[in-house]
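The following report deals with salt bridges, a small sheet, cysteines and one loop residue, in that order. The sequence and the structure come first.

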Amino acid sequence: MTSPSTSGMLGAAFDAVLFDAVLFDMDGTLIDSTPAVERSWLQWAGEYGVEQSFRDGGHGQPARDLVASLVSEQQFSEAYARIQQIETGDIDGITVLPGVEATLVAIDAHRKAIVTSCTRALAEARIGAAGIVAPDLVITVDDVEFGKPHPHPFLAGAAGLGFDPARCLVIEDAPAGLASGRAAGCVTIGVAGTHSRADLDADLVVDSLTELVFTSTGAGVTVTRAD
């Protein structure tokens, strides 16, 4: 059994790696909210006269940062409040992704957390719509000064669980989130889907959590390949 501090890159043939905790992104990693996200942001963009090309590269970043990059300083407060209103009101079609329920059940409560760029209200709405049992610790953009790709979110997740981030595993679907996890000193796994495998700079990239098996032990959480 290897620890993340000595394993280096997980690679395609890793045996079993032991972590203190697993920090999960939410949208695109645990739940599929893409249809709702698309509808919400297209409606918002139409209301504020923003070109649809803004969506390129925006996934994984906090809405407040994306809005700030698209509207004037004078419009920001109103525009940010509006996207929050639209998103929390549109949760149709949000579903849990393959392998997620088994993964969350397999990891002990004190060794897992969600770290999302959503606000607290939006995270709760989407978690409820997907029907997953969320970890006790959910870090949202409301809890940090700087959102992804800054390391603050995953540093907060590790601190909230009481573990060294260097011994935590980050699972993400977006380049911004993987950059955040890397900057925090965590080992990273990218889940393809929202982005192509080629776009995900991670220690390991999988197409689904069904490819991995998580097992809690007294010493931590092991990650192995599914048969």
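In this predicted model, a search of the whole structure finds 12 salt bridges. Side chains of opposite charge can pair when their charged atoms come close. Three of the pairs are set out below.

| Salt bridge | N to O distance | Separation in sequence |
|---|---|---|
| Arg-167 and Asp-20 | 3.0 Å | 147 residues |
| Arg-182 and Asp-201 | 3.8 Å | 19 residues |
| Arg-197 and Asp-207 | 3.0 Å | 10 residues |

The side chains of Arg-167 and Asp-20 meet in a salt bridge; because Arg-167 lies in the loop between helix 7 (152–161) and strand 7 (168–172), and Asp-20 in the loop between strand 1 and strand 2 (21–24), the pair ties together parts of the chain that are 147 residues apart in sequence. Arg-167 is partly exposed at 21% relative accessibility, whereas Asp-20, at 12%, counts as buried.

The side chains of Arg-182 and Asp-201 also form a salt bridge, linking helix 8 (residues 175–183), where Arg-182 lies, to the loop between strand 8 (187–191) and strand 9 (204–206), which holds Asp-201. Arg-182 has a relative accessible area of 38% and is partly exposed.

In the salt bridge between Arg-197 and Asp-207, Arg-197 comes from the loop between strand 8 and strand 9, and Asp-207 from the loop between strand 9 and strand 10. Arg-197 is partly exposed at 42% relative accessibility, and Asp-207 is partly exposed at 44%. Elsewhere, Asp-25, Lys-148 and Glu-172 are joined into one network by salt bridges that share partners.

Turning to the sheet, three strands form an open arrangement in the order 1-11-10, with antiparallel pairing. Strand 1 (17–19) and strand 10 (212–217) stand at the edges with a single partner strand each, so one side of each is left without a neighbour in the sheet. Neighbouring strands of this sheet are turned against each other by 30° on average, direction ignored. Strand 10 pairs with strand 11 (residues 220–225) over 6 bridges in the antiparallel sense, and Phe-214 stands opposite Val-223 in strand 11.

As for the cysteines, the whole structure contains 0 disulfides. The sulfur of Cys-186 is 5.4 Å from the closest cysteine sulfur, that of Cys-168, which is too far for a bond. Cys-186 is buried at 7% relative accessibility, and Cys-118 is buried with a relative accessible area of 7%.

Finally, Val-133 lies in the loop between helix 6 (120–130) and strand 6 (137–139) and counts as exposed, at 69% relative accessibility. Val-133 and Glu-101 are 32 residues apart in sequence, with their C-alpha atoms 8.1 Å apart in space.

Conventions. Residues are numbered from 1 along each chain as its sequence is written. This is a predicted model: local features need pLDDT of at least 70, side-chain atom pairs count only at pLDDT 80 or more; totals for chains, interfaces and linings use all residues. Side-chain values use heavy atoms; hydrogens and water are left out. Helices (H or I, at least four residues) and strands (E, at least two) are DSSP runs, numbered from the N terminus. Buried means under 20% relative accessible area, exposed over 50%, partly exposed in between (1.4 Å probe, protein chains only). A disulfide is a pair of cysteine sulfur atoms within 2.5 Å. Two strands pair if DSSP finds at least two bridges between them. Axes are lines fitted to C-alpha atoms, for helices over the stretch in contact, and angles run from 0 to 180 degrees between N-to-C directions. A salt bridge is a side-chain nitrogen of Lys or Arg within 4 Å of a carboxyl oxygen of Asp or Glu.
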